[in-house]
Amino acid sequence: MNQPTLIRRWRCRALALARDVALLSLLLDGGCAPAHVARTAPPARPLRIVSLAPSLTEMLFAIGAGSNVVGRTEYCNYPAAVSNCAVVGQFGRPTLEGIAAMQPTHVWYVAIENRAMGENFAKLGWQGGQIACARIGDIPVALEALGAATGHRAEA
């Protein structure tokens, strides 16, 4: 079995595990979301999302918000439908010009080499921000945050 196939299988298993953990946590706490998850309603205007991390891109597509993704990094290559989205730079090193060309409403990332760039996103009026996704335990919280912000809470 080649490496890309193994990676795809791992990603599918990780997403399935994250889904199961999220469902279990909802069952155990009576269906209430954690207090630290943003409870913002999605904006009235259509979402235009730029995802600067492969993990977040996959989550956005998994919860049904993939049609709103307009920009990605060159490493965001799954699912195949993401190939229709413009590339705005490398993981951790996006270009501000590339992102601006997409006219985003939201920009999400896990880490950016130039931390000041994240501050520029807010100054330009783009919502979103950094989402923790370094540990397997971060996945349910990240899914819930993305679901709430995109109007796909039930799917998340």
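This is a walk through the fold, from the overall layout to individual residues.

The model is predicted. Its mean pLDDT is 80 over the protein chain, and 71% of the residues reach at least 70. One stretch calls for caution. Residues 21-40 stay under 50 in pLDDT, and the model gives them 16 contacts beyond four places in sequence. Where pLDDT is low, the predicted coordinates should not be read in detail.

Start with the inventory. The protein chain holds five helices and seven strands. Their order along the sequence is α-β-α-β-β-β-β-α-β-α-β-α. Of the 156 residues, 41% are buried. Contacts that reach far along the sequence are well represented: among those between residues at least 6 apart, 49% join residues at least 24 apart. The accessible surface of the chain is about 8,800 Å², and carbon and sulfur atoms account for 57% of that area.

Now find the sheet. Five strands form an open sheet with parallel pairing, in the order β3-β2-β1-β6-β7. Its edges are β3 (86-87) and β7 (127-130); each has a single partner strand, so one side of each is left without a neighbour in the sheet. Further in, β1 (residues 49-51) pairs with β6 in the parallel sense over three bridges. One residue pair helps to locate this contact: S51 has W108 of β6 as its bridge partner.

Next, look at helix α2, residues 54-62. This helix lies across β1, β2 (69-72) and β6, and runs at about 135° to β1. How much of α2 is covered? Seven of its nine residues are buried, so the helix counts as mostly covered. The buried set is P54, L56, T57, E58, M59, L60 and F61. Note that E58 and T57 are in this buried set along with L56, M59, L60 and F61. After the helix comes G64, with a positive phi near 95°.

Helix α4, residues 115-123, can be read by its faces. Which of its residues are buried? They are M117, G118 and F121. Seen down the helix axis, these buried residues fall within an arc of 105°, so they line one face of α4. The general rule is simple: an α-helix has 3.6 residues a turn, so residues three or four places apart point the same way. The other side of α4 carries R115, E119, A122 and K123, which are exposed. What covers the buried face? The cover includes β5 (93-94), α3 (96-101) and β6 (106-109). Strand β6 thus appears twice in this account: it helps to cover α4, and it pairs with β1 in the sheet. Just after α4, G125 takes a positive phi of about 85°.

Two loops deserve a look at the backbone. The first runs between β2 and β3 and contains P79. Here the peptide bond joining Y78 and P79 is cis, with omega at about 0°. The second loop lies between α3 and β6 and contains Q103. Phi of Q103 is positive, near 50°, in a residue other than glycine. Is Q103 buried or exposed? Its relative accessible area is 59%; exposed means over 50%, so Q103 is exposed.

Definitions and conventions
Residues are numbered from 1 along each chain as its sequence is written. This is a predicted model: local features need pLDDT of at least 70, side-chain atom pairs count only at pLDDT 80 or more; totals for chains, interfaces and linings use all residues. Side-chain values use heavy atoms; hydrogens and water are left out. Helices (H or I, at least four residues) and strands (E, at least two) are DSSP runs, numbered from the N terminus. Buried means under 20% relative accessible area, exposed over 50%, partly exposed in between (1.4 Å probe, protein chains only). Contact means heavy atoms within 4.5 Å. Accessible areas come from the Shrake-Rupley method with a 1.4 Å probe; for residues, only the protein chains shown count as cover. The arc is that of the directions from the helix axis to the C-beta atoms. pLDDT is the predictor's confidence in each residue, from 0 to 100. Two strands pair if DSSP finds at least two bridges between them. Axes are lines fitted to C-alpha atoms, for helices over the stretch in contact, and angles run from 0 to 180 degrees between N-to-C directions.
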